[in-house]
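Visitor: Could you take a close look at one aromatic side chain with me, and then follow the thread from there to other parts of the model?

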Amino acid sequence: MISLEAALSQILAAIHPLGMEKVNLLDALGRVIGEDIAASRSIPPKNNAAMDGYALRSADIRGASPEKPVVLDVIEDIPAGAIPQKRVGQGQAARIMTGAPVPDGADAVLRMEDTEKDGQRVRVFVEALEGQDIRLAGEDVRPGEKVISRGDIIRPAEIGMLAALGRSFISVYQKPLIAILATGDELVDVDENPSPWQIISSNSYALAAQVLDCGAIPVQIGIAKDTREDLVAKFKSAMRADIIISSGGVSVGDYDLVKEIMKEVGNNMQFWQVAMRPGKPLAFGSLEGIPIFGLPGNPVSSMVSFEQFVRPSILKMMGHRNLFRKTIRALLKESIDKKKGARHFIRAHIIFEDGRYRAVSTGEQGSGILKSMVQANGLIVLPEDAASVKAGDMVTVQLIDPSLFQTDQPDYL
């Protein structure tokens, strides 16, 4: 038996980021960028108006008030996108729209609400400070400034910046293809009519959903029967993928042929009993350089093992720097007993209440009880040397549901 840390270390040492591909700007959302982005131009390119109003000289309206308005001559209108044609001189102003370039001579923009139009003149009722409501050229970014770094995740803000810089195609890390293979004579696919002794292959779909949640591309290979010929054929058909995942067939049962087949068609295979529950049996190795994960067949064991080992591997392939789920500390609402010697992942429901996180298990924790995962938004992580934890203890929780941080209204309201 080896520790989770030892297994994870060996696995991640064998995983390497994929190459790059160029994608359309919007298709880059959520991807990891594979290049540094430096600004090719100033943003904004010229000084421009931050609101609709009048571009003027601040010195000309010093002392202006509702009782003593200052009257200026309006020399031109400057809509957004237009180029100013005149210089603003003493006693003059230019009507200007938001985003339009500020004409030479003007050092402030006064909002429309503080003025009153009077034919070809304008009455000004307040003073303005030099630079007021002018967005300066380059105040966002300057030429040569690095604005996005290789390895960053592209969010909507990055999409906006890339568009502002005129980048319609971006280099990002490739999305890996993840082949998913279920094994077992007892399994049937979701659309088949199972007999009383058959089981619908939920693992194929749960794992595919976990792959999609990582941002990768699942490829379902189907169900391999417990025969050498079918297993070999299915593994060979999976070889177009970047990672191969099988579920089932890695324990000590008489028909658990996966380990034997993986040795036969692959190389450098490792078969472990990892000191964790659920998810004790685990195989990892490669098939002609393609990483292979042999996960347990029980649905909860399969999903928890994916979270701890496969998910960080996929993220590393995709160029991510942060590979692991966020953990928090939560107040335990019940006592939990466990045996020493293995790290336990207890399916739990986490809430934020009275200024702290609180955790309660989702009930029966058997590795075949998929409902315990349906009801969970976190995994309570109990260390190997712990025998029990009591209600009121603080425990570490691995969050598996990002919506835990969403609320029905902003905290500042």
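Guide: Gladly. Tyr357 counts as buried because its relative accessibility is 19%, where buried means under 20% relative accessible area, exposed over 50% and partly exposed in between, with a 1.4 Å probe and protein chains only. Phe352, at 53% relative accessibility, counts as exposed. Please keep in mind that this is a predicted model, in which local features need pLDDT of at least 70 and side-chain atom pairs count only at pLDDT 80 or more, while totals for chains, interfaces and linings use all residues. Residues are numbered from 1 along each chain as its sequence is written, and side-chain values use heavy atoms, with hydrogens and water left out.

How do these rings fit into the wider set of aromatic pairs? Rings of Phe, Tyr and Trp (its six-membered ring) pair if their centres lie within 6.5 Å, and planes under 30 degrees apart count as stacked, over 60 as edge-to-face and the rest as tilted. That rule gives 2 aromatic pairs. One joins Phe284 and Phe293, whose ring centres are 4.9 Å apart with planes at 50 degrees, so this pair is tilted. The other is our starting point: Phe352 and Tyr357 pair edge-to-face, with 4.9 Å from centre to centre and 65 degrees between the planes. In the tilted pair, Phe284 is buried at 6% relative accessible area and Phe293 is buried at 0%.

Two loops bring us to some backbone details. Asp354 sits in the loop between β24 (343–353) and β25 (356–361); helices (H or I, at least four residues) and strands (E, at least two) are DSSP runs numbered from the N terminus. Asp354 is not a glycine, yet its phi is positive, near 55 degrees, and the residue is exposed, with a relative accessible area of 66%. Glu288 gives a second case: phi is about 50 degrees, again positive in a residue that is not a glycine. Glu288 lies in the loop between β20 and β21 and is exposed, at 63% relative accessible area. For context, most residues other than glycine have a negative phi, and most peptide bonds are trans. Two cis bonds are worth a look as well. The bond from Arg277 to Pro278 is cis, with omega about -5 degrees, and Pro278 is in the loop between β19 (276–277) and β20. The bond from Ile43 to Pro44 is also cis, with omega near -5 degrees, and Pro44 lies in the loop between β2 (37–38) and β3.

Now for the interior. The largest nonpolar core has 41 residues, and Ile245, Phe306, Phe309 and Ile314 have the most contacts inside it; such a core is a set of buried Ala, Val, Leu, Ile, Met, Phe, Trp, Tyr and Cys residues joined through side-chain atoms within 4.5 Å. Elements giving two or more residues to this core include β20 (281–287), β21 (290–295), α3 and α6. The element that gives the most is α6, with 9 residues. In soluble globular proteins, nonpolar side chains tend to be buried together. Phe306 is in contact (heavy atoms within 4.5 Å) with residues including Leu207, Val211, Ile245, Leu295 and Arg311, leaving aside neighbours within four places in sequence.

Arg311 also leads us to the second largest pocket, as it is among the residues nearest the pocket's centre, along with Ile153, Leu315, His320 and Arg325. A pocket is found on a 1 Å grid over the protein atoms alone: it is an open set of points where a 1.4 Å probe fits, with protein on both sides within 12 Å along at least five of seven lines, and lining residues have an atom within 4 Å of a point. This pocket is lined by 18 residues, and α3 (202–214) and α6 (299–317) are the elements that give two or more of them. The lining divides into 9 nonpolar, 4 polar and 5 charged residues, where Ala, Val, Leu, Ile, Met, Phe, Trp, Tyr, Cys and Pro count as nonpolar, Asp, Glu, Lys and Arg as charged, and the others, Gly among them, as polar.
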